[in-house]
Amino acid sequence: MREHTAAIMGLLFTLSASATIILLVIPGDSCVDIIGGYAVTPHSRPYMALIKGKDYCGGALIKENWVLTAAHCKIDKGTVILGAHSFSKKEKEQQIIKITRSIRYPCFNDQKKENDIMLLQLQRKAKINKAVKTIKLPNTDTDPKPGTQCKVAGWGIIKNGDRKPSDILREVNITIIDRRICNDQIHYNYNPIITMNMVCAGDKNGGKDSCVGDSGGPLICNGELKGITSFGKTNKCGAVQSPGVYARLTKTYLLWIKKTIGGDL
């Protein structure tokens with residue numbers, strides 16, 4: 001009887017060990033590594049701004065003393081860190097500048113996620129160098145076509161459910177998705193409506209996306225600034241059904257930006 005019991009226990013142990021091995025080699029959550037992205041070469045995205053206030057967000061330096069970001073970011077009276085690669089460490093390339101004014105686009109609607117654009121005026125001009133540079137606004141407001149390859153970067157979480165930001169700047173390659181698809185029942189189901197002021201982007205197989213903390217970061221398509229990271233579904237970053245949504249830099253927004261910061265860029 002004891003030998004029979006020992007044999008059974010041995011079999012259970014073997015099965016348990018095998019199961020453990022299987023669990024170890026099964027790929028983790030598809031929303032892993034920004035989400036599904038990669039670490040960039042330090043200071044190779046010199047236009048990126050790390051914004052710290054009540055929240056933390058990303059942004060783009062569009063003029064020596066102006067940063068473009070998302071209106072829903074709660075970073076009033078915060079600071080902008082330019083030339084950053086690390087979220088937590090001090091780097092000699094960093095320039096830390098206080099925010100003097102936060103100007104949200106008129107009629108920003110947090111519930112509908114409409115007009116999610118904000119300008120931050122800095123206390124002083126940034127010193128332009130290898131690690132800190134401005135990014136040009138687009139000359140036209142051409143709507144990126146479905147299938148267009150784009151990039152988005154930020155210090156946001158790299159896995160759903162995380163609370164801590166990525167400690168280094170990460171970037172992910174994503175693809176523009178037709179608004180009709182984003183608005184259908186399988187995706188956002190018109191809640192909220194993905195309007196012509198927005199653009200959807202992700203991956204047809206999922207697993208590549210911006211996420212919490214990446215808000216305000218620039219969406220770059222074919223080397224041009226085309227949008228600002230706006231929203232997605234909570235705890236569903238990288239899911240096929242909920243690709244990231246970006247405020248598109250329309251002609252109306254571009255005119256408002258230029259008027260607010262003073263002249264052409």
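**A short tour: loops, barrel and pockets**

Hi everyone, let's start in a loop: C107 lies between β6 and β7. Before I go on, please keep in mind that this is a predicted model. What makes C107 worth a stop is its positive phi, about 70 degrees, although C107 is not a glycine. For background, most residues other than glycine have a negative phi, and most peptide bonds are trans.

That brings me to a peptide bond. The one from N191 to P192 is cis, with omega near 0 degrees. If you want to find P192 on the screen, look in the loop between α2, residues 179-182, and β10, residues 198-202.

Now back to the two strands on either side of C107. Strand β6 covers residues 95-104 and strand β7 covers residues 118-122, and they pair in the antiparallel sense over five bridges. Which residue is the bridge partner of I103 in β7? That is L119.

Let's zoom out from that pair. Six strands close into a barrel, and the order is β2-β3-β4-β7-β6-β5, with antiparallel pairing. From one strand to the next, the twist averages 40 degrees. Helix α3, residues 251-261, packs on the sheet and touches β3, β4, β6 and β7. The direction of α3 makes about 20 degrees with that of β7. As a reminder, strands of a sheet pair through backbone hydrogen bonds, either parallel or antiparallel.

Next, the disulfides. The structure holds four of them, and I'll show you one. C57 and C73 are linked, with their sulfur atoms 2.1 Å apart. This link is left-handed, with -100 degrees about the S-S bond. And what does the pair tie together? C57 is in strand β3 and C73 is in the loop between β4 and β5, so the link joins parts that are 16 residues apart in sequence.

Last topic: pockets. Rolling a probe the size of a water molecule over the atoms shows where empty space is left. How much space lies in the largest pocket? About 630 Å³. There are 31 residues lining this pocket, and the closest to its centre are H72, V212, G213, S215 and S230. Three elements give two or more residues to the lining, namely β3, β12 and β13. The largest share comes from β12, with three residues. Sorted by character, the lining of the largest pocket has nine nonpolar, 13 polar and nine charged residues.

The second largest pocket holds about 180 Å³ of space. Here 14 residues form the lining, and I177, G202, D203, K204 and V240 are the closest to the centre. That lining divides into five nonpolar, five polar and four charged residues.

One thread to take away is β3: this strand is part of the six-stranded barrel, holds C57 of the disulfide I showed, is touched by helix α3, and gives residues to the lining of the largest pocket. Thanks for listening!

Key:
Residues numbered from 1 in each chain as written. Predicted model: local features only at pLDDT ≥ 70, side-chain atom pairs only at ≥ 80, totals over all residues. Heavy atoms only, no water. 1 Å grid on protein atoms, 1.4 Å probe; cavity = no way out; pocket = protein on both sides within 12 Å on 5 of 7 lines; lining within 4 Å. Points joined across faces, edges and corners; volume = space filled by probe spheres on them. Helix = DSSP H or I, 4+ residues; strand = E, 2+ residues; numbered from the N terminus. Nonpolar A, V, L, I, M, F, W, Y, C, P; charged D, E, K, R; others polar. Pairing = 2+ DSSP bridges. Axes fitted to C-alpha atoms, helices over the stretch in contact; angles between N-to-C directions. Contact = heavy atoms within 4.5 Å. Disulfide = S-S within 2.5 Å.
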